[in-house]
Amino acid sequence: MKKILFATVALLVVSAAAPAIGADLGARPYYNKAAPAYAAPIYNWTGFYIGAHVGGAFSSDNNFNGLSTGNNGNGRFLGGLQAGADWQVNPNFVVGAEAQYSWLSGNVGAVFPGGVAYTNDQRGLGSITGRVGYTWGPGLVYVKGGYAYSDNNEKVTIGGVPTGFIISGDHSNGYTVGAGLEYMFAPNWSAKAEYQYYNFGDAHFTAGPLVGTGNFTTDDHTFKAGLNYRFNWASPMVARY
């Protein structure tokens with residue numbers, strides 16, 4: 001699944017590199033009553049984009065239902081890439097799709113009585129989402145949701161020595177939802193701030209030293225700041241006066 005995510009991002013990046021098709025909106029030198037009404041251009045969100053982001057990831061403090069003695073909610077640094085496409089369907093509404101991957105620092109887990117520890121070396125988070133937004137000129141507020149992927153490497157140790165275990169459920173595939181604000185501060189450039197929640201389902205230990213410790217949830221709350229370069233390929237929407 002990680003290869004599929006990278007392939008999706010790569011395809012969008014290649015598409016974005018195609019020559020842009022724009023419209024020349026020259027300014028009128030004078031007003032003519034016989035000419036059509038003046039058209040004030042609105043920022044164009046239609047087109048492909050590529051970009052990068054940084055931020056933090058936080059797992060829920062109660063992932064292990066209070067059965068652990070460790071704290072699995074510590075924040076971790078993240079950084080990654082995104083690529084997508086938007087379509088401005090009218091002067092105020094935008095729809096689009098985005099592929100994103102974030103590399104994570106550190107790991108999450110819990111320490112249980114008796115020196116038993118569960119660790120998830122979660123190396124990255126990926127997503128393929130759709131998004132819908134409302135725009136007013138250079139600003140865009142949006143919601144998003146879709147498929148999520150977690151690049152995991154899980155282990156259980158007793159006194160630091162690895163031991164066998166089995167966990168029910170799938171900790172790599174899940175869903176994500178989020179919301180954000182994006183602002184076009186220069187031609188072809190936009191900045192964004194975004195919250196995104198990832199959930200990979202409930203599970204419990206079915207074999208090994210942690211059988212009977214109860215259910216736990218694998219999820220992440222993330223906060224990101226990003227920068228996008230936009231390859232616009234359509235004429236801007238206009239408001240007529």
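What share of the contacts in the protein with a separation of 6 or more comes from residues 24 or more positions apart? In this predicted model, such residues account for 71% of those contacts. The legends below begin with the whole chain and then take up single regions.

**Figure 1. Overview of the predicted model, with one helix and 15 strands.** The protein has 241 residues, and 41% of them count as buried. About 11900 Å² of the protein is exposed, with 64% of this area supplied by carbon and sulfur atoms. Salt bridges number eleven in a search of the whole structure; three of the pairs are shown in later views.

**Figure 2. Strand β4 and its pairing with β3 and β7.** Strand β3 covers residues 76-90 and strand β4 residues 93-104; the two run antiparallel and are joined by twelve bridges. The connection from β3 to β4 is a hairpin of two residues. Within this pairing, Leu81 has Tyr101 of β4 as its bridge partner. β4 also pairs with strand β7, residues 124-136, again in the antiparallel sense, here over eleven bridges. In that pairing, Ala99 stands opposite Ile128 of β7. In a regular strand, side chains alternate between the two faces of the sheet.

**Figure 3. The largest nonpolar core, made of ten residues.** The members are Ala110, Phe112, Val116, Tyr118, Val156, Ile167, Ala203, Phe205, Leu210 and Phe216. At least two residues of this core come from each of β5 (108-112), β6 (116-120) and β13 (189-207). Another core, of seven residues, lies apart from this one; Leu104, Leu125, Tyr198 and Phe200 are among its members.

**Figure 4. Salt bridge between Asp220 and Arg76.** The closest N and O atoms of the pair are 2.8 Å apart. Asp220 belongs to strand β14 (residues 215-232) and Arg76 to strand β3, so that the bridge links distant parts of the chain, 144 residues apart. Are the two partners buried or exposed? Asp220 has a relative accessible area of 1% and is therefore buried, the cut-off for this class being under 20%. Arg76 also counts as buried, because its relative accessibility is 6%.

**Figure 5. Salt bridge between Arg230 and Asp86.** Here the closest N and O atoms are 3.1 Å apart. Because Arg230 lies in strand β14 and Asp86 in strand β3, the pair ties together parts that are 144 residues apart in sequence. Both Arg230 and Asp86 are buried.

**Figure 6. Salt bridge between Glu194 and Lys144, and the network around the pair.** The two side chains meet at 3.3 Å, N to O. Glu194 sits in strand β13 and Lys144 in strand β8 (residues 139-151); the pair links distant parts of the chain, 50 residues apart. With a relative accessible area of 4%, Glu194 is buried, and Lys144 counts as buried at 7% relative accessibility. Through shared partners, salt bridges join Glu98, Lys144, Lys192, Glu194 and Lys224 into one network.

**Figure 7. The loop between β12 and β13, with Asn188.** Most residues other than glycine have a negative phi. Asn188 is not a glycine, yet has a positive phi of about 75 degrees. Asn188 is found in the loop that lies between β12 (173-186) and β13. Asn188 counts as partly exposed because its relative accessibility is 26%, and this class covers values between the 20% and 50% cut-offs.

**Figure 8. A nonpolar patch on the surface.** Trp87, Val89, Phe93, Val95, Val132, Tyr134, Trp136, Val141, Val143 and Leu181 form the patch, and together they have about 900 Å² of accessible area. β3, β4, β7 and β8 are the elements that give two or more residues to the patch. Which element supplies the largest share of the nonpolar patch? That element is β7, with three residues. Tyr134 is found in strand β7. With a relative accessible area of 39%, Tyr134 is partly exposed.

Technical notes: Residues numbered from 1 in each chain as written. Predicted model: local features only at pLDDT ≥ 70, side-chain atom pairs only at ≥ 80, totals over all residues. Heavy atoms only, no water. Pairing = 2+ DSSP bridges. Helix = DSSP H or I, 4+ residues; strand = E, 2+ residues; numbered from the N terminus. Core = buried A, V, L, I, M, F, W, Y, C linked by side-chain atoms within 4.5 Å. Buried < 20%, exposed > 50% of the residue type's maximum accessible area, 1.4 Å probe, protein only. Salt bridge = Lys/Arg side-chain N within 4 Å of Asp/Glu carboxyl O. Contact = heavy atoms within 4.5 Å. Areas by Shrake-Rupley, 256 points an atom, 1.4 Å probe, with all protein chains shown as cover. Patch = residues over 30% accessible without salt bridge, like charges linked within 9 Å, V, L, I, M, F, W, Y side chains within 5 Å.
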